[in-house]
Amino acid sequence: MKLLFTLTVNFIFCLSMYAQLCTKGATGAVPADGEYVLVWADEFDNNGEVCSDNWHHQTQLIAGDSWANGEVQHYTDRIENSYVEEGFLNIVAKREDYNDQGVTKNFTSARLNSKFAFTYGRVDVRAKLPSGNGTWPAIWTLGQNINEDGGFWDDNIDEVNWPACGEIDIMEHWGNNPNVIHGSLHTPSSFGATVNTQTIVANEVSSTFHVYSIVWDENAIQFLLDGVPFYTYNPATKNDATWPFDKPQYLLLNIAMGGIGGAIDPGFTESTMEIDYVRVFQNYDEDANDNLPVPLVSAPEPTEDEEEVLSIFSDSYTDLTDVVYTNPEKEVYSDVVNIQENAALRYLDVNEQLIDLSANIQDVSNQDYFHFDYWTPNSNELSLVFKDQSGNESSHTISIGLENWQGVDIAIADIQENVNLSTLEKIQFSGNGVVYFDNLFFFIDPNDDVPDPVAQTITFATVPDISIDEGSFELEATASSGLAVEYSTFSTELNIEGSTVNLLKPGTVVVTAEQPGNEEFLAAEPVTQLFCVNPSKPIISQTEFGGNIWLQSNSEVGNKWYLNGNIISSGNPTEIEVNENGIYTLKVTIDGCDSPFSDEFPLLITSTAPNNNLQIRVYPNPVTDVIKIENVNEIESVILTDVMGRAMPITFNQDKNVLDANISTLPTGIYYLVLESKKEKHITRLMKH
């Protein structure tokens with residue numbers, strides 16, 4: 001056990017930092033200046049009600065007797081709709097009759113506002129989404145300056161209405177379109193059915209946890225799924241209409257029901273969004289020492305066997321007795337603090353602090369290493385000095401790591417060059433800043449003669465966008481160790497057998513190359529590639545219905561129609577009615593992946609309405625070989641053309657009042673028979689089989 005002690009100096013400061021009832025604040029270390037530090041988080045580590053220090057339940061109806069977007073639920077602050085259990089926040093949408101504010105609704109859910117707002121940074125939310133038609137879960141932000149009754153930030157000065165406040169939809173999911181994740185923004189320039197949106201297909205979002213993220217700075221907002229970017233919003237002109245994102249935003253978590261979320265399954269009873277954590281990071285300002293982050297996660301549990309350990313300070317082992325953990329000549333506050341029920345040493349100024357073994361001199365000459373873990377928000381200099389009873393010293397400078405707890409092993413062989421380790425008396429620290437220490441011990445390494453595993457890297461040849469028509473292709477990745485590389489994907493557009501990729505359907509896909517390592521080599525850092533499986537080249541065909549011409553695509557989805565190079569369709573129709581001359585083409589787009597353009601389809605549109613004055617009969621139609629025309633006494637000219645208006649080399653023979661021509665040699669297709677009298681023109685469309 002550790003010997004716990006607490007000095008009376010600044011005792012109130014200690015209580016205010018650690019007497020929190022729920023996770024609130026940084027849980028990691030501060031990296032180098034200009035990189036991210038965790039500034040706010042909820043790890044949901046206390047069972048029961050949602051932490052009221054972090055979250056506000058928004059329950060007041062905002063649109064008279066309803067919510068926006070035609071949603072049909074009541075949001076409540078009941079534990080039945082939102083609670084924490086076994087490390088997860090649960091937001092539960094239920095089918096139940098519930099009366100609130102004089103209005104009865106058939107569904108309940110929860111909508112949480114964070115009591116923390118921020119400008120710029122990174123947001124990570126690890127969540128598993130609800131399922132069922134009509135569910136509409138969201139992880140999103142609104143401007144702190146929004147004018148919205150019942151919201152936590154509603155009493156702000158200089159309020160504006162939506163969408164002037166700005167909205168960032170980090171994640172939206174519609175239960176009637178499972179596994180399709182939306183990232184969107186709403187601004188005065190585009191809102192509601194915003195054009196500033198993109199989707200990505202994820203794997204089993206209602207049964208698997210994924211991390212939904214944004215990275216937001218003064219220039220752009222980037223959306224990520226499981227660390228992979230899929231959309232960036234960066235308007236060329238930034239003003240109040242396009243960029244209300246230069247002011248604080250706050251977080252919202254909710255499940256809406258119905259409305260534009262779609263029709264609700266009649267069999268729906270309830271479904272849950274589970275959230276593992278919510279974390280907000282920002283760039284660290286090393287001069288902001290008045291509000292330094294503190295560790296809310298304890299140091300890693302050591303793995304050395306107790307019989308191989310001589311422990312100075314660790315909850316995992318039996319510590320030496322009569323050890324003093326502070327320098328009595330130094331007035332800087334130092335104590336032992338509790339982090340997740342695990343004790344840690346804290347020095348508000350690490351310089352000249354020491355661990356004093358004078359009352360229990362130790363012989364550590366038979367040990368292999370001295371180990372310790374440390375955590376610091378602001379130190380840029382740290383060293384340890386080992387001293388024996390004779391005053392001999394051995395100094396060791398530590399390379400500062402400012403991200404999470406850092407583990408350090410110092411070889412005894414490096415210490416004993418200058419110090420008699422059979423009479424070790426003190427370990428003194430020098431440097432600067434606030435430093436936390438844990439798991440300080442000497443240990444014997446039974447595997448010390450075994451070489452340490454060697455780092456390895458993966459080289460993954462770039463995978464270009466590929467057509468679905470290719471069927472399959474080979475991935476090319478190698479590990480510097482020479483070990484076999486393993487490939488994986490969560491994308492449903494393909495499967496992987498060894499290094500062979502079998503293409504199943506078009507869409508955006510992600511493939512990861514990994515090498516797990518072995519006794520000789522460390523696991524390699526995975527390398528991920530994002531690319532498109534493009535749809536097949538579409539084919540245009542022509543049909544007629546009700547005297548009108550229709551063009552059809554052989555693709556059932558993603559069709560974009562063009563006339564003379566200009567897009568003419570909306571809504572991705574499979575067929576279009578045409579009434580203009582020109583060159584028609586077609587492209588298919590699925591999940592942001594484009595097919596090649598179809599072959600050009602030229603079309604000449606002419607009138608086929610019957611002439612009321614010329615009583616002419618043309619038959620048979622469709623025709624295979626001989627076409628006949630009756631009642632031609634008034635006809636002065638006869639021409640047969642193709643759809644481009646080109647005359648066909650056909651000879652017409654006349655017998656009394658009938659013309660005939662053999663067109664069996666013409667290709668199958670549509671032709672136009674043009675007959676002219678002195679006063680009128682008669683055009684008949686022919687189908688040649």
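Here are some questions and answers about how features of this predicted model get their labels.

Q: What makes up the secondary structure of the protein chain?
A: Two helices and 51 strands. A run needs at least four residues to count as a helix and at least two to count as a strand.

Q: How do you know what share of the 689 residues is buried?
A: The cut-off is under 20% relative accessible area, and buried residues come to 49% of the protein chain. As for the outside, the chain exposes about 32500 Å², with carbon and sulfur atoms supplying 46% of that.

Q: Which share of the contacts joins residues at least 24 apart?
A: It's 68%, taken among contacts between residues at least 6 apart in sequence.

Q: What makes a set of residues a nonpolar core?
A: The members must be buried residues of the nonpolar kinds, joined through side-chain atoms within 4.5 Å. The largest such set here has 47 residues, and Leu89, Tyr212, Ile221, Ile275 and Val278 have the most contacts inside it. There's also a second, separate core of 34 residues, with Tyr325, Ala343, Ile415 and Ile427 among them. In soluble globular proteins, nonpolar side chains tend to be buried together.

Q: Which residues does Leu89 touch, leaving out those up to four places away in sequence?
A: Phe44, Val50, Tyr83, Val84, Leu112, Leu253, Met273, Glu274 and Ile275.

Q: Why is the link of Cys532 and Cys593 called a disulfide?
A: The sulfur atoms must be within 2.5 Å. For Cys532 and Cys593 the S to S distance is 2.1 Å, so the pair meets the cut-off and is a disulfide. A search of the whole structure finds one disulfide.

Q: What is the handedness of the link of Cys532 and Cys593?
A: Left-handed, with -80° about the S-S bond.

Q: Where in the chain do the two cysteines of this pair sit?
A: Cys532 is in strand E36 and Cys593 is in strand E43 (residues 593–594). They're 61 residues apart, and the pair links distant parts of the chain.

Q: Why is Cys532 called buried?
A: Its relative accessibility is 11%. Buried means under 20%, so Cys532 counts as buried. Its partner Cys593 has a relative accessible area of 0%, so Cys593 is buried too.

Q: Is Cys165 buried or exposed?
A: Buried: the value for Cys165 is 1%, and the cut-off is under 20%.

Q: Why are E29 and E36 said to pair?
A: Pairing takes at least two bridges. Two bridges join E29 to strand E36 (residues 527–534), so the condition is met. The two strands run parallel, and Ser467 stands opposite Asn534 in E36.

Q: What makes E29 and E32 the edge strands of their open sheet?
A: Each pairs on one side only. The four strands come in the order E29-E36-E35-E32, with mixed pairing. Strand E29 covers 466–467 and strand E32 covers 486–488.

Q: Why does Ser190 count as buried?
A: Because 11% relative accessibility falls under the 20% cut-off. Ser190 sits in the loop between strand E11 (180–186) and strand E12 (197–201).

Q: How do you know that the side chain of Ser190 makes a polar contact with that of Thr194?
A: N or O atoms have to be within 3.5 Å, and this pair is at 3.2 Å. The Ser190 side chain also reaches the backbone nitrogen of Val195 at 2.9 Å. Leaving out residues up to four places away in sequence, Ser190 touches Leu185, Val195 and Asn196.

Q: Which peptide bonds to a proline are cis?
A: One joins Trp162 and Pro163, with omega about 10°. Another runs from Asn621 to Pro622, with omega near 10°. Pro163 is in the loop between strand E9 (135–143) and strand E10 (167–172), while Pro622 lies in the loop between strand E45 (617–619) and strand E46 (626–630).

Q: What makes the phi of Gln101 worth a look?
A: Phi is near 55°, a positive value in a residue other than glycine. Most residues other than glycine have a negative phi. Glu341 has a positive phi as well, about 60°, and isn't a glycine.

Q: Why is Gln101 called partly exposed, and Glu341 exposed?
A: Exposed means over 50% and buried under 20%, with partly exposed in between. Gln101 has 39%, so it is partly exposed. Glu341 has 76%, so it is exposed. Gln101 is in the loop between strand E5 (88–100) and strand E6 (103–109), and Glu341 is in the loop between strand E19 (334–339) and strand E20 (342–347).

Methods
Residues numbered from 1 in each chain as written. Predicted model: local features only at pLDDT ≥ 70, side-chain atom pairs only at ≥ 80, totals over all residues. Heavy atoms only, no water. Buried < 20%, exposed > 50% of the residue type's maximum accessible area, 1.4 Å probe, protein only. Contact = heavy atoms within 4.5 Å. Areas by Shrake-Rupley, 256 points an atom, 1.4 Å probe, with all protein chains shown as cover. Polar contact = N/O pair within 3.5 Å; in protein donor to acceptor, adjacent residues only side chain to side chain.
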